[in-house]
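Could you take me around this structure while I have it open in the viewer? I'd like to know what to select next and what is there.

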Amino acid sequence: MKQYPEQLSRSHKRFLKNLFPGRESSFDDGTLLACGVDASQRHAKPLALVRPQDTAQVAELLKWAQTERVPIYPRARATNKVGNCVPVHHGVVVSMLDMNSILDIDGRDFVAVTQPGVITADLQRAVEAQGLFYPPDPASMKISTIGGNISTCAGGMRAVKYGVTRDYVLGLEVVLPGGEVIRTGGRTQKNVVGLDLTRLMVGSAGTLGLVTEATLKLLLLPETSASVLVGFKDLDGCLNGAEAVFGCGILPTAMELMDRNTIRALEMHSDIPWPEGTGGLLLLKIDGSAESVKTDLLRIEEALRNVAVTFVEKGGGEDQERLWELRRVISPAAFNLAPNKQGEDVAVPRGRVAEAIKGYHAIGEQLGVVVLCFGHLGDGNIHVSTMYDKNAPGQQENALKAKQQIFSLTLDLGGTLSGEHGIGLTKAQYINMQLDKTQQRLMSGIKKTFDPLKIMNSGKVV
């Protein structure tokens, strides 16, 4: 079987320059080095970078790539944390950032049609200007793209009430290896004809085809929203508070948890509103009509009267953003605890969250590294960051041991190795812990059907 080329021939470069003239293609070392890395900090240098302007160019590219067996690596803003964008077999990086138009917003069909390079927050603002709502809100929404969100099935803080990206993708235009263009789904809210190819593509991380257009489901924009930050003495109090909120019949838009180590990192990073002795935080958001939000706030306050809290702070409208900013700065704040971080995004059944976090803390204490936990309590998706100093003897090795033990505990509790980041490169060696041989065989068969020469995001786990 023909191997992947280690470098581009003159005819390869000539083809790419003709198909992608001027700034639409790049071959210089500086550009190639820059587009070979993502938020995982893994890196590999590609052979070329191209910037398609339309679907026709993508189709021609994938037809050529299939014939020449050149790996193709779709890329947008590269905010993923597991190495999904890294061109490990070199090949051609395909930046989708120039395909960045919102093609349609329809308040009758409740859909938006968009190209993959549209920034998520820009789409949200555009639909909200028409009284509509696109709920998925990954933490990177101000810089990540719709195409990237679809590629990873991005989650976000509103997932507890509204779900994740796959719940809002009604249809896709996808270019397959070999250049064939298919359209899956459409503008209807229901569709059960044949296998669900749309959902198969969402979360496939560019390993099956390249998305060039998406039809997305919209909702009516809630009239208003409000947020509540609640402090507790410890993790148990935090979980009791969450149970009290759910027990009063309210499904929050978002429910975020921050443990004692996260609190310590934030106290070293920002001006904080909670008093000394706070060992756990809940950050809640609710939305709806002005009247329902007012009623729900009163019900939350009443529910929390039966739980020991250290403080409660509320915010409404733009004022609530100061509370959410504390959640957004956790990742940079974590480096106040140690210079190096190993971040995971495991998920466990909601009823096992307390057991999981206590277990993760115990793993860190046993191995002499700091484990901080935060994230989406409402759906059991916990971000577990192991903080360590790679220059301290044994700490890097112990961080890797912690990763293995965290994964083992997660699976023992009925959880999953990834709630929203995916597998990519950083978790590839652990996939056998969760998926058995039969599951992997079926997934490999699907990959072979779509991409028999394995050129799409080559080197990544399906």
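## A buried salt bridge to start

Select Lys427 and Asp345: their side chains form a salt bridge, with 2.6 Å from N to O. Keep in mind as you look around that this is a predicted model.

Now colour the chain by position and see where the two partners come from. Lys427 sits in the loop between α14 (395-412) and α15 (437-450), while Asp345 belongs to the loop between β16 (340-344) and α13 (353-367). That is 82 residues apart, so the salt bridge links distant parts of the chain. Are these two residues buried or exposed? Both Lys427 and Asp345 are buried.

## More salt bridges

There are 27 salt bridges in the structure, so let's visit a few others. Pick Arg328 and Glu321, whose side chains meet at 3.1 Å, N to O. Arg328 has a relative accessibility of 29%, which makes this residue partly exposed. Glu321 is partly exposed as well, at 33%.

Next, go to Arg352 and Glu355, another salt bridge, this one at 3.0 Å from N to O. Here Arg352 is partly exposed at 31% relative accessibility, and Glu355 is partly exposed at 42%.

Then select Asp104, Asp106, Arg108, Asp109 and Arg187 together. Salt bridges with shared partners join these five residues into one network.

## The five-strand sheet

Switch to a cartoon view and find the open sheet of five strands. Walking across, you pass β5, β6, β10, β8 and β9 in that order, and the pairing is antiparallel. Which strands stand at the edges? They are β5 (102-106) and β9 (181-185); each has a single partner strand, so one side of each has no neighbour in the sheet. Turn the view a little to look at the twist, which averages 10° from one strand to the next.

Zoom in on β8 (residues 169-175) and β10 (residues 210-217), which pair in the antiparallel sense over six bridges. If you want one bridge to click on, take Glu173: its bridge partner in β10 is Glu213.

Now bring in the helices that pack on this sheet. α3 touches β8, β9 and β10, and its direction makes about 55° with that of β8. Helix α4 (residues 120-128) also packs on the sheet, touching β5, β6 (111-114) and β10. The direction of α4 makes about 35° with that of β5.

## Rings that pair up

Time to show the aromatic side chains. How many aromatic pairs does the structure hold? It holds four, and we'll stop at two of them.

Select Phe15 and Trp64. Their ring centres are 5.0 Å apart and their planes are at 15°, so this pair is stacked. Phe15 lies in helix α1 (residues 10-19) and Trp64 in helix α3 (residues 55-68), so the pair ties together parts that are 49 residues apart in sequence. Phe15 is partly exposed, with a relative accessible area of 24%, whereas Trp64 is buried at 9%.

For the other stop, select Phe133 and Tyr162, an edge-to-face pair with 5.3 Å from centre to centre and 80° between the planes. This pair also links distant parts of the chain: Phe133 is in strand β7 (residues 132-133) and Tyr162 in helix α6 (residues 159-162), 29 residues apart. Phe133 counts as buried at 4% relative accessibility, and Tyr162 counts as buried at 14%.

## Charges over rings

Stay with the rings, but look at what lies over their faces. Arg69 lies over the face of Tyr4, 4.4 Å from the ring centre. Move on to Tyr168, where the charged end of Lys217 sits over the ring at 5.1 Å from its centre.

## Last stop: Cys85

Finish by selecting Cys85, in the loop between β3 (72-75) and β4 (92-95). Cys85 counts as buried, at 11% relative accessibility.

What is Cys85 in contact with, leaving aside its neighbours within four places in sequence? Show Asp38, Pro74, Arg75, Ala78, Asn80 and Lys460, which are its contacts. Then add Gly424: the C-alpha atoms of Cys85 and Gly424 are separated by 8.3 Å, though the two residues are 339 apart along the chain.

Technical notes
Residues are numbered from 1 along each chain as its sequence is written. This is a predicted model: local features need pLDDT of at least 70, side-chain atom pairs count only at pLDDT 80 or more; totals for chains, interfaces and linings use all residues. Side-chain values use heavy atoms; hydrogens and water are left out. Rings of Phe, Tyr and Trp (its six-membered ring) pair if their centres lie within 6.5 Å; planes under 30 degrees apart count as stacked, over 60 as edge-to-face and the rest as tilted. Helices (H or I, at least four residues) and strands (E, at least two) are DSSP runs, numbered from the N terminus. Buried means under 20% relative accessible area, exposed over 50%, partly exposed in between (1.4 Å probe, protein chains only). A charge sits over a ring if NZ of Lys or CZ of Arg is within 6 Å of the ring centre and within 35 degrees of the ring normal. Contact means heavy atoms within 4.5 Å. Two strands pair if DSSP finds at least two bridges between them. Axes are lines fitted to C-alpha atoms, for helices over the stretch in contact, and angles run from 0 to 180 degrees between N-to-C directions. A salt bridge is a side-chain nitrogen of Lys or Arg within 4 Å of a carboxyl oxygen of Asp or Glu.
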